[in-house]
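Trainee: Got a minute? I'd like to go through this one with you, starting with the empty space.
Mentor: Sure. Put it up.

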Amino acid sequence: MTTMKSIARRTGAEPPENFIIQLSGVEKWYGEHRVLTNFTAAVKRGEVVVLCGPSGSGKSTLIRTLNRLEEINAGTIRVNGQDVQGKRVDINSLRSHIGFVFQQFNLFPHLSVLENVTCGPLWVNKADRQASLEMALELLAKVGLGHKADAYPNQLSGGQQQRVAIARALAMKPPVMLFDEPTSALDPEMVGEVLAVMKALASEGMTMVCVTHEMKFAREVADVVWFIDQGELLEVAPPEAFFSAPKHPRAKKFLSDIHRH
């Protein structure tokens, strides 16, 4: 695990090509309600960023703007050099190169586990069928589900379905993976198996941006924590600094509330 490898509120100390995600002055609102305010931050390649903050603080909205599941009202977002909000962007192509794991598993119920993992390479990338099958089996083995290739989603536990969803996202060979509270829909005993897969990806150098309430995961795996409240990025720090000595008053209250509960 590396130490802090990213910056927020760019200082210009790093060349732009070192960053796989760049947000500058991002604004998002619904009518009078501001969800994101002047959000400026950057993520380096190979970095694990954990977004934390109170419920309703804008974390999930932010992560959904990175692959344009949410439109923004102002500012710019670049992922792997591409302007996400560009007028000529092929949205389907954009999303196919950004792995996204949702709270719900969103597996195709009528397809087997193996078919769920191969559908992206085969349908979107028009990849070779045999090569796609071999890759899918390798990915299922990677997430501990090689023995479930012929099963269907309704035959799997929630934790197993989420691991299949991760394998499916990885099958597109994305340069970055986004996780939007991937364990929030799971029973407590299933959380660990999904976090273990995420930890393994982090150890292999996968760039990851994670919205999660699993603070133990943030402590152990994150390179940097972004604390968000009321749509603002209020603190950026390595996990050891954030959890032991947060600087912003709202971050202090957030951690205090967690400890109290």
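Trainee: Which residues lie nearest the centre of the largest pocket?
Mentor: Arg-95, Ser-96, Phe-100, Arg-168 and Met-172. They belong to a lining of 23 residues. Keep in mind that this is a predicted model.

Trainee: What volume does the largest pocket have?
Mentor: About 580 Å³.

Trainee: And which helices and strands supply its lining?
Mentor: Helix H2 (91-96), strand S6, helix H3 (113-124) and helix H5 each give at least two residues.

Trainee: How does that lining split by class?
Mentor: There are 13 nonpolar residues, eight polar and two charged.

Trainee: Now the closed space. How many cavities of 30 Å³ or more turn up?
Mentor: One, from a search of the whole structure. Its space comes to about 30 Å³.

Trainee: What lines that cavity?
Mentor: Leu-23, Leu-51, Leu-62, Ile-63, Leu-66, Val-209 and Trp-226. By class, that is seven nonpolar residues, with no polar and no charged ones.

Trainee: Let's switch to sheets. What is the strand order in the six-stranded one?
Mentor: S6-S7-S8-S3-S9-S10. The sheet is open and its pairing is mixed.

Trainee: Why do S6 and S10 each have one side without a neighbour in the sheet?
Mentor: Strand S6 (99-101) and strand S10 (232-237) are at the edges, and each has a single partner strand, so one side of each has no neighbour in the sheet.

Trainee: By what angle are neighbouring strands turned there?
Mentor: On average 15° against each other, ignoring direction.

Trainee: Which helix packs on the sheet at S6?
Mentor: Helix H5, residues 158-170. H5 touches S6 and strand S7 (176-180), and its direction makes about 170° with that of S6. H5 also supplies at least two residues to the lining of the largest pocket.

Trainee: And which strands does H9 lie across?
Mentor: Helix H9 (residues 249-260) lies across strand S3 (48-52), S9 and S10. H9 runs at about 100° to S9.

Trainee: In what sense do S9 and S10 pair, parallel or antiparallel?
Mentor: Antiparallel, over five bridges, with S9 covering residues 224-229. For one bridge, take Val-225: its partner in S10 is Ala-237.

Trainee: What about the sheet of four strands: what order does that have?
Mentor: S2-S1-S4-S5, open, with antiparallel pairing. Strand S2 (33-44) and strand S5 (82-83) stand at its edges, each with a single partner strand, so each has one side without a neighbour in the sheet.

Trainee: How many bridges are there between S1 and S4?
Mentor: Five, in the antiparallel sense, with S1 spanning residues 19-30. Ser-24 has Thr-76 in S4 as its bridge partner.

Trainee: And how many join S4 to S5?
Mentor: Two, and these strands also run antiparallel. S4 covers residues 74-79. Arg-78 bridges to Asp-83, and Val-79 to Gln-82.

Trainee: What sits in the turn of that hairpin?
Mentor: There are two residues between S4 and S5. Asn-80 in the turn has a positive phi of about 55°.

Trainee: Last topic, aromatics. How many pairs are found?
Mentor: Six, over the whole structure.

Trainee: Which residues form the aromatic cluster with Phe-227?
Mentor: Phe-242, Phe-243 and Phe-254.

Conventions. Residues numbered from 1 in each chain as written. Predicted model: local features only at pLDDT ≥ 70, side-chain atom pairs only at ≥ 80, totals over all residues. Heavy atoms only, no water. 1 Å grid on protein atoms, 1.4 Å probe; cavity = no way out; pocket = protein on both sides within 12 Å on 5 of 7 lines; lining within 4 Å. Points joined across faces, edges and corners; volume = space filled by probe spheres on them. Nonpolar A, V, L, I, M, F, W, Y, C, P; charged D, E, K, R; others polar. Pairing = 2+ DSSP bridges. Axes fitted to C-alpha atoms, helices over the stretch in contact; angles between N-to-C directions. Contact = heavy atoms within 4.5 Å. Phe/Tyr/Trp six-rings, centres within 6.5 Å; stacked < 30°, edge-to-face > 60°.
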